[in-house]
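Hello,

Here is the structure I promised to pass on to you. Please have a look at it first, and then read my notes below.

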Amino acid sequence: MNLIRDKKIGFIGTGNLAQAIISGLLESDTVRKDQIFASNRSEKRLDRVAEKFGIRNFATNEEVVDSCEIIFIATKPQDLFDAVEPIAPSFDESKTVISLAAGIRLETLQKTLPNVRNLVRVMANIPIRIGKSVIGFCTAEEAVLVDDKIRTLLSPLGYVVKAKDDEMLSAITVSAASGTGFIFELMTYWADWIKDYGFSDEEAYHIALETFLGAAMLAKESKTKILDLLDQVASKKGVTHAGLDSMRELDIERALRISFEKALLRDKELGR
Ligand SMILES: NC(=O)c1ccc[n+]([C@@H]2O[C@H](COP(=O)([O-])OP(=O)(O)OC[C@H]3O[C@@H](n4cnc5c(N)ncnc54)[C@H](OP(=O)(O)O)[C@@H]3O)[C@@H](O)[C@H]2O)c1
């Protein structure tokens, strides 16, 4: 049974994330363009996006809600309440509502849209632009039959994983969404170090990039546990081993864990 094929899918807000999702859904043939409906605050952007993807646009958010069974709320968090509060009664029990807004907890969404049972929070990261996202989701306790729908909809855009609650979703935010930023930072350390040995900016960039990419792809394609791969590259008394020993002595893991926890605290502060 296809859970999505006969459904109308709406987007309130047609910014960067909405466009990445629409693009992924169409390219992967998960949905047809005649299933997608959208509204946006500025008409200009809405028209541009509607033309780009060949989807239907509506002048108001309410029309999207009235017309669709599955509705993505894709505004910035600070705009979410303006977008949906005035039309809350239009969101009835039949709707599945997916909030993409970072930091707005399920409990707050439930208070804003009290008629909706099938309420979902989704957290994606920026590689969603190339279909390589980590996508976490959590659902309201009352939600029924939504998990498979969410997986069918979002799997073409990356690895989809369910979080039990907002706390776990915050951990995904730090690990995968902020985590992408942390990896970029580490890549700059790699590139800067190798430049000290005479490589050009461009060469250093490629060395860093291909090292990260190659390691991740090998781990994925060989289906070998990362610890086993680590054993394979780090022979006793060898070069890699010496570097790893130093990393462990310096307790890099602890330093990173502290940074993750700091980011998590900030996520909690912003969610209040
Ligand atoms: N981009 C990412 O990679 C990413 C990753 C993780 C999470 N997120 C989350 O995804 C959400 C969207 O982020 P984004 O980067 O896509 O933001 P964005 O590019 O700024 O898009 C937000 C869109 O919402 C529209 N909007 C604002 N108020 C509205 C209203 N009252 N009614 C209808 N549309 C309205 C804006 O219209 P205008 O054209 O008038 O500005 C804009 O097109 C955020 O909550 C963010 O936390 C994004």
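**Charged patches and other findings**

On the surface, a patch of negative charge is formed by Glu62, Glu63, Asp66, Asp92 and Glu93. Please keep in mind that this is a predicted model. One member of the patch, Glu63, sits in helix α3, which covers residues 61-67. Is Glu63 exposed, partly exposed or buried? Its relative accessible area is 32%, so Glu63 is partly exposed, because that class lies between the buried limit of under 20% and the exposed limit of over 50%.

There is a patch of the opposite sign as well. Lys44, Arg45, Arg48, Lys52 and Lys76 gather on the surface as a patch of positive charge. Within this group, Arg45 belongs to helix α2, made up of residues 43-53. With a relative accessibility of 31%, Arg45 also falls in the partly exposed class.

What about charge in the chain as a whole? The protein chain carries 36 positive and 41 negative side chains. The centres of these two sets lie 2 Å apart.

Next, a word on the backbone. Most residues other than glycine have a negative phi. Which residues have a positive phi although they are not glycines? Two that I can point you to are Asp29, with a phi of about 60°, and Lys223, with a phi of about 55°. You will find Asp29 in the loop that links α1 (16-27) and β2 (36-39). Lys223 is in the loop between α8 (201-222) and α9 (226-233). The relative accessible area of Lys223 is 75%, so this residue counts as exposed.

Finally, here is the overall picture. The protein chain contains eleven helices and eight strands. Its C-alpha trace spans about 65 × 35 × 35 Å along the principal axes. How much of the chain is buried? Of the 272 residues, 40% are buried. The chain exposes about 16,300 Å², and 55% of that area comes from carbon and sulfur atoms. As for contacts between residues at least 6 apart in sequence, 61% of them join residues at least 24 apart.

If you would like a place to start, try finding Glu63 in helix α3 and Arg45 in helix α2, and then go on to the loops that hold Asp29 and Lys223.

Enjoy exploring, and best wishes!

Conventions: Residues numbered from 1 in each chain as written. Predicted model: local features only at pLDDT ≥ 70, side-chain atom pairs only at ≥ 80, totals over all residues. Heavy atoms only, no water. Patch = residues over 30% accessible without salt bridge, like charges linked within 9 Å, V, L, I, M, F, W, Y side chains within 5 Å. Areas by Shrake-Rupley, 256 points an atom, 1.4 Å probe, with all protein chains shown as cover. Salt bridge = Lys/Arg side-chain N within 4 Å of Asp/Glu carboxyl O. Lys, Arg positive; Asp, Glu negative; His and termini not counted. Charge placed at Lys NZ, Arg CZ, Asp CG, Glu CD. Helix = DSSP H or I, 4+ residues; strand = E, 2+ residues; numbered from the N terminus. Buried < 20%, exposed > 50% of the residue type's maximum accessible area, 1.4 Å probe, protein only. Contact = heavy atoms within 4.5 Å.
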